[in-house]
Amino acid sequence: MIGTRIATGLLATAVAAVVAGCAPTAEPQTDTASAYPSETLAPLFQQMLPNVRDTTFTSAIVTFPPAARAVPHRHGDAFVYAYVLEGAVSSQLEGEPAHVYHRGENWSEQPGAHHLATENASTTEPAKLLVVFVATTGEQLKIDDPHT
């Protein structure tokens, strides 16, 4: 019983650290390197996988206001799955052409992938993704490229 409480406390601490690494915000942020607004992240669910040591499943809703762009980034060692809930999102991984995904479409990213571009394909309508991360527990889920 005490071990379960300790594990739950550690998981709660890990959730806070991971969510902080995803930079959730109540309001869209403006990318300081450009004049475009950025995405916002709202965590949905997070749980350590009981059958895979030191691995956590995290889901979140990522919202892109019209014309919003994410800065180039990586997701560390996470396997990422994205499903378009609303609107259309253009996504480009290093070594691949950009592709526009519409409502109901999805893609995945392998661990270590470099996400060069993610942006709302519309300048007038918002876009929304369901994103799932399977990652090492406690790892930061989004690491923006350094500004050059």
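## A mostly-strand chain, strand by strand

V84 stands opposite L129, which sits in strand 10. That's a handy way into this predicted model, since the pair belongs to the join between strand 5 (residues 79-86) and strand 10, two strands that run antiparallel and are held by 7 bridges.

Let's zoom out for a moment. The chain has 11 strands and 1 helix. Reading along the sequence, you meet the helix and then the strands, in the pattern α-β-β-β-β-β-β-β-β-β-β-β. The chain is 148 residues in all, and 35% of them are buried.

### The open sheet

Strands 5 and 10 are both part of an open sheet of 5 strands, ordered 1-2-10-5-8 with antiparallel pairing. Which strands sit at the edges, pairing on one side only? They are strand 1 (40-48) and strand 8 (106-109). From one strand to the next, the twist averages 20°. As a reminder, strands of a sheet pair through backbone hydrogen bonds, either parallel or antiparallel.

### A hairpin

Now for strands 6 and 7. Strand 6 (residues 88-93) runs antiparallel to strand 7 (residues 99-102), and 4 bridges join them. Within that pairing, S91 of strand 6 faces H99 of strand 7. The two strands make a hairpin with 5 residues between them, and in the turn G95 has a positive phi of about 85°.

### Positive phi in the loops

G95 is a glycine, but what about residues that are not? Most residues other than glycine have a negative phi. Two residues here go the other way: D54 has a positive phi of about 60°, and A67 has one of about 70°. Here they are next to the turn glycine:

| Residue | Phi | Where it lies |
|---|---|---|
| D54 | about 60° | loop between strand 1 and strand 2 |
| A67 | about 70° | loop between strand 2 and strand 3 (69-70) |
| G95 | about 85° | turn between strand 6 and strand 7 |

Is D54 buried, exposed or partly exposed? Its relative accessible area is 43%, so D54 counts as partly exposed.

### A lysine tucked into a loop

K142 is found in the loop between strand 10 (127-136) and strand 11 (143-144). You might wonder why K142 counts as buried. The reason is that its relative accessibility is 13%, and the cut-off for buried is under 20%. What does the K142 side chain make a polar contact with? Its partner is the side chain of D144, at 3.0 Å.

### The second largest cavity

Searching the whole structure turns up 2 cavities of 30 Å³ or more. The second largest holds about 40 Å³ of space. It is lined by 10 residues, and the closest to its centre are T56, T58, A135, T136 and L141. Strand 2 (55-64) and strand 10 are the elements that give two or more residues to this lining. By class, the lining has 6 polar, 3 nonpolar and 1 charged residues.

### Pulling it together

Strand 10 is a good thread to follow through this model. It has a place in the open sheet, between strands 2 and 5 in the order. It is joined to strand 5 by 7 bridges, and it helps line the second largest cavity along with strand 2. The loop between strand 10 and strand 11 is also where you'll find K142.

Terms used
Residues are numbered from 1 along each chain as its sequence is written. This is a predicted model: local features need pLDDT of at least 70, side-chain atom pairs count only at pLDDT 80 or more; totals for chains, interfaces and linings use all residues. Side-chain values use heavy atoms; hydrogens and water are left out. Two strands pair if DSSP finds at least two bridges between them. Buried means under 20% relative accessible area, exposed over 50%, partly exposed in between (1.4 Å probe, protein chains only). A polar contact is a pair of N or O atoms within 3.5 Å; within protein, one must be able to donate a hydrogen and the other to accept it, and residues adjacent in sequence count only if both atoms are side-chain atoms. On a 1 Å grid over the protein atoms alone, a cavity is a set of points where a 1.4 Å probe fits but cannot get out, and a pocket is an open set with protein on both sides within 12 Å along at least five of seven lines; lining residues have an atom within 4 Å of a point. Grid points are joined across faces, edges and corners, and a volume is the space filled by probe spheres set on the points. Ala, Val, Leu, Ile, Met, Phe, Trp, Tyr, Cys and Pro count as nonpolar, Asp, Glu, Lys and Arg as charged, and the others, Gly among them, as polar. Axes are lines fitted to C-alpha atoms, for helices over the stretch in contact, and angles run from 0 to 180 degrees between N-to-C directions.
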